[in-house]
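Biologist: I've just loaded this one and want to get a feel for how it hangs together. Let's go through it contact by contact.

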Amino acid sequence: MTPDHSSALARGMDPGTGHLRTALELAAANVPVLPLREGKGPFGNCRACARCVCGGRPNMKSAGPCQCPDVCHGWAAATTDTTVITSRAWARAWRQAAAVAYHPAGAGLTVVDLDDPEAVAWARQTLPLTRTVTTNRGEHWIYRGTMPSANSVRPGVDIKSRMNYARWLGHGSGTIVDLLPAVRALIVKEEATPARGPVASSSPTCATWDRTVATGCRHTEAYIHTGLKRGLAKVSSHTQSGAGSQAFGVARFLAAQHTHCPGPCGLDGIGQQIISAAIAVGVPEAYAQRAVANGLNAGAGSFQ
């Protein structure tokens, strides 16, 4: 560790969690990193970059002129520049960081994120064996090579590579192999295959939740609106990446709250509001509809 790095740690940027030290080690290995807040999401944009009024960074899909020194624009802020990582502008984020993330494509990698045991079992039967990293609920399968990122390519499976981030959970085990057609084909399959079963979120664009459409819901309106407001805020905070995955997660969580209700609970209105929030931060409408529909269906079956 260089003297500059040691002095950065001494200034209190690493509150004993080791996240900054981990980030510096990864940067030294040419892996672009950024801190994650509690909840595994990136830190929000500063006021100057809020809603991308700054025009965005040069490495984003729509290249912009932003040179903000803060941890803005999610994955696009990931860097190997240790002067940025240890800067005062990033100090607040490191003090509050709950995890370290990295930009897979920036390191020449693709992560297949398997979110549950069923997804892991599917991957072991379907995908080329490669290096694996254990996660809280499943595994990350790491391949050499990059591809477009996509959420919910099948139940419990996300692709994280270009314009995305993944949590750093260790080096894992096994030998990393090249990205093969079987993995790349997941994107093609996902784009060509509609969601299974009825689309739970299909409803007029203006659909909202209220008691008149939720006559069988056992929850109070205050409970519903508070949970929905928090969920929509999570989706809206992903201004550059991850909004589709977040929409899936929010839909799944909210739907799961109604598994013991006699119904109907007005989930179509809830779903439409989540879709609208995802579209507002750049998620293609068809993708947002599919992610939310899958999430509602997954949540509805949580206790079956």
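Biologist: Which side chain does Lys 160 meet in a salt bridge?

Modeller: I call it a salt bridge if a side-chain nitrogen of Lys or Arg is within 4 Å of a carboxyl oxygen of Asp or Glu. Lys 160 passes at 3.3 Å, N to O. The side chain it meets is that of Asp 113.

Biologist: Before we go on, what kind of model is this?

Modeller: Residues are numbered from 1 along each chain as its sequence is written, and side-chain values use heavy atoms, with hydrogens and water left out. Local features need pLDDT of at least 70, side-chain atom pairs count only at pLDDT 80 or more, and totals for chains, interfaces and linings use all residues, as this is a predicted model.

Biologist: Back to that salt bridge, then. How many residues apart are Lys 160 and Asp 113?

Modeller: The salt-bridge rule gives a count of five. In this pair, Lys 160 sits in strand E7 (residues 157-160) and Asp 113 in strand E3 (residues 109-114); helices (H or I, at least four residues) and strands (E, at least two) are DSSP runs, numbered from the N terminus. The pair links distant parts of the chain, and the separation is 47 residues.

Biologist: Is Asp 113 buried or exposed?

Modeller: Buried means under 20% relative accessible area, exposed over 50%, and partly exposed in between, using a 1.4 Å probe and protein chains only. Its partner Lys 160 has a relative accessible area of 14%, so Lys 160 is buried. Asp 113 comes in at 9%, so the verdict is buried.

Biologist: Where is Asp 115, the partner of Arg 137?

Modeller: Arg 137 and Asp 115 form a salt bridge with their closest N and O atoms 3.0 Å apart. The two are 22 residues apart, with Arg 137 in the loop between strand E4 (131-134) and strand E5 (139-144). Asp 115 is in the loop between E3 and helix H5 (117-126).

Biologist: Why does the pair of Asp 178 and Arg 144 tie together separate parts of the sequence, and how many residues apart are those parts?

Modeller: The Asp 178 and Arg 144 side chains meet in a salt bridge of 2.8 Å, N to O. Because Asp 178 lies in strand E9 and Arg 144 in strand E5, the parts tied together are separated in sequence by 34 residues.

Biologist: Is Arg 144 buried or partly exposed?

Modeller: Asp 178 has 43% relative accessible area, so Asp 178 is partly exposed. Arg 144 has 41% relative accessibility, so Arg 144 counts as partly exposed.

Biologist: Which residues do salt bridges with shared partners join into one network?

Modeller: Here the salt bridges share partners, and they make one network. Its members are Asp 115, Arg 137 and Arg 252.

Biologist: On to the sheet. In what order do the three strands come?

Modeller: Strands count as paired if DSSP finds at least two bridges between them. The sheet is open and the pairing is antiparallel, with the order E1-E2-E8.

Biologist: Which are the edge strands?

Modeller: An edge strand here pairs on one side only. The two that do this are E1 and E8 (166-167).

Biologist: What is the bridge partner of Tyr 102 in E8?

Modeller: Strand E2 (residues 99-102) pairs with E8 over two bridges, in the antiparallel sense. For Tyr 102, the partner in E8 is Ala 166.

Biologist: What angle does the direction of H2 make with that of E2?

Modeller: Contact means heavy atoms within 4.5 Å, and H2 packs on the sheet, touching E1 and E2. Axes are lines fitted to C-alpha atoms, for helices over the stretch in contact, and angles run from 0 to 180 degrees between N-to-C directions. For H2 and E2, that gives about 20°.

Biologist: Now the aromatics. What kind of aromatic pair do Trp 90 and Trp 94 form?

Modeller: Rings of Phe, Tyr and Trp (its six-membered ring) pair if their centres lie within 6.5 Å; planes under 30 degrees apart are stacked, over 60 edge-to-face, and the rest tilted. That yields two aromatic pairs. Trp 90 and Trp 94 are 6.4 Å apart centre to centre, with 40° between the planes, and the pair is tilted.

Biologist: And what kind of aromatic pair do Tyr 102 and Trp 168 form?

Modeller: Trp 90 and Trp 94 are both buried. Tyr 102 and Trp 168 are 5.9 Å apart centre to centre, with 80° between the planes, and their pair is edge-to-face.
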